[in-house]
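Good morning, colleagues. Please take a moment to look at the sequence and the structure on the screen before we begin.

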Amino acid sequence: MNRFDAVLFDLDGTLLYTLADIAAAVNGALGKMHRPERTVPEIRSMVGNGAKTLITRALGAGQEALVDETLAVYASLYAAHAQEHVTPYEGIPELLDALHERGIRTACVTNKDHTDAAPMLRRFLGDRISHVEGRKPGRPAKPAPDAVYDALKALGAAPSRALYVGDSGVDSETAKNASLPCVLCSWGYWDRDKLENCAALGIISAPAELLQYV
């Protein structure tokens, strides 16, 4: 018997490698604004709280007046190039297939704009993700639990029978705020030593390891 009826996944760094296109759009926007570019490792450390926070961090302290304009440039660049270098992490399609074979429903809850997230997941994972909740106007971003609640409602799953999977402290906090247990993956955008300071049932290093928790 399954411990959970539903598994909710983060997107960036959990299901799909998306960093190359994010970094290219960030640096393209910074260049347009005549601001210094960031290295890919720097940008990797900035993702997780949505595009506006990413751009605020990339611009650096004292550049608040440039955030909205830079964000608009970033959004345009990312929308045009968001799927150029994306790949599912090795083992993710097989994991999702195994969950469905067990009758476990799946959803993605992400701070990526919904208009970017939904088509990206469809292209790279087909129908393996049953429902997508990306960032939508008027709804608080993760770690607020609102998008998690919306995903659970869409899946018809009780919070007591759902598991959250992500790759960062934002995901750990999201799960806590939604009263869901959490498993963190070490192949994403947060290093394992940072993940070890987060609340979670465990940290996995390969997608197949999630099956021992469900």
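Which residue in E6 does Val 7 stand opposite? Opposite Val 7 in E6 is Leu 163. Before I place this pair in its setting, please note that we are looking at a predicted model.

Let me turn to the sheet as a whole. Six strands form an open sheet, and their order is E5-E4-E1-E6-E7-E8, with parallel pairing. Its edge strands are E5 and strand E8, the latter covering residues 202–204, and each of these two pairs on one side only. Between neighbouring strands of the sheet, the turn is 25 degrees on average, with direction ignored. As a general point, strands of a sheet pair through backbone hydrogen bonds, either parallel or antiparallel.

I now come to strand E1, which spans residues 6–9. How are the side chains of this strand arranged? Ala 6 and Leu 8 point one way, Val 7 and Phe 9 point the other way, and all of them are buried. E1 runs parallel to E4, and four bridges join the two strands. Within that pairing, Phe 9 has Cys 108 of E4 as its bridge partner. E1 is also joined to E6 by four bridges, again in parallel, and it is here that we find Val 7 opposite Leu 163.

Moving on from E6, we reach E7. Strand E6, residues 162–166, and strand E7, residues 182–185, run parallel and are joined by three bridges. Gly 166 has Leu 184 as its bridge partner in E7. Elsewhere, helix H6, residues 114–125, packs on the sheet, where it touches E4 and E5. The direction of H6 makes about 140 degrees with that of E4.

My last topic is internal space. Rolling a probe the size of a water molecule over the atoms shows where empty space is left. How many cavities of 30 Å³ or more are counted in this model? The count comes to one. The largest cavity holds about 50 Å³ of space. Its lining includes Thr 110, Asn 111, Gly 134 and Arg 135, and further along the chain Lys 136, Arg 139, Pro 140, Ala 141, Lys 142 and Ala 147. Strand E4, residues 105–113, and strand E5, residues 131–135, each contribute at least two residues to this lining. By character, the lining residues comprise four charged, three polar and three nonpolar.

Thank you for your attention.

Terms used: Residues are numbered from 1 along each chain as its sequence is written. This is a predicted model: local features need pLDDT of at least 70, side-chain atom pairs count only at pLDDT 80 or more; totals for chains, interfaces and linings use all residues. Side-chain values use heavy atoms; hydrogens and water are left out. On a 1 Å grid over the protein atoms alone, a cavity is a set of points where a 1.4 Å probe fits but cannot get out, and a pocket is an open set with protein on both sides within 12 Å along at least five of seven lines; lining residues have an atom within 4 Å of a point. Grid points are joined across faces, edges and corners, and a volume is the space filled by probe spheres set on the points. Ala, Val, Leu, Ile, Met, Phe, Trp, Tyr, Cys and Pro count as nonpolar, Asp, Glu, Lys and Arg as charged, and the others, Gly among them, as polar. Two strands pair if DSSP finds at least two bridges between them. Axes are lines fitted to C-alpha atoms, for helices over the stretch in contact, and angles run from 0 to 180 degrees between N-to-C directions. Contact means heavy atoms within 4.5 Å. Buried means under 20% relative accessible area, exposed over 50%, partly exposed in between (1.4 Å probe, protein chains only).
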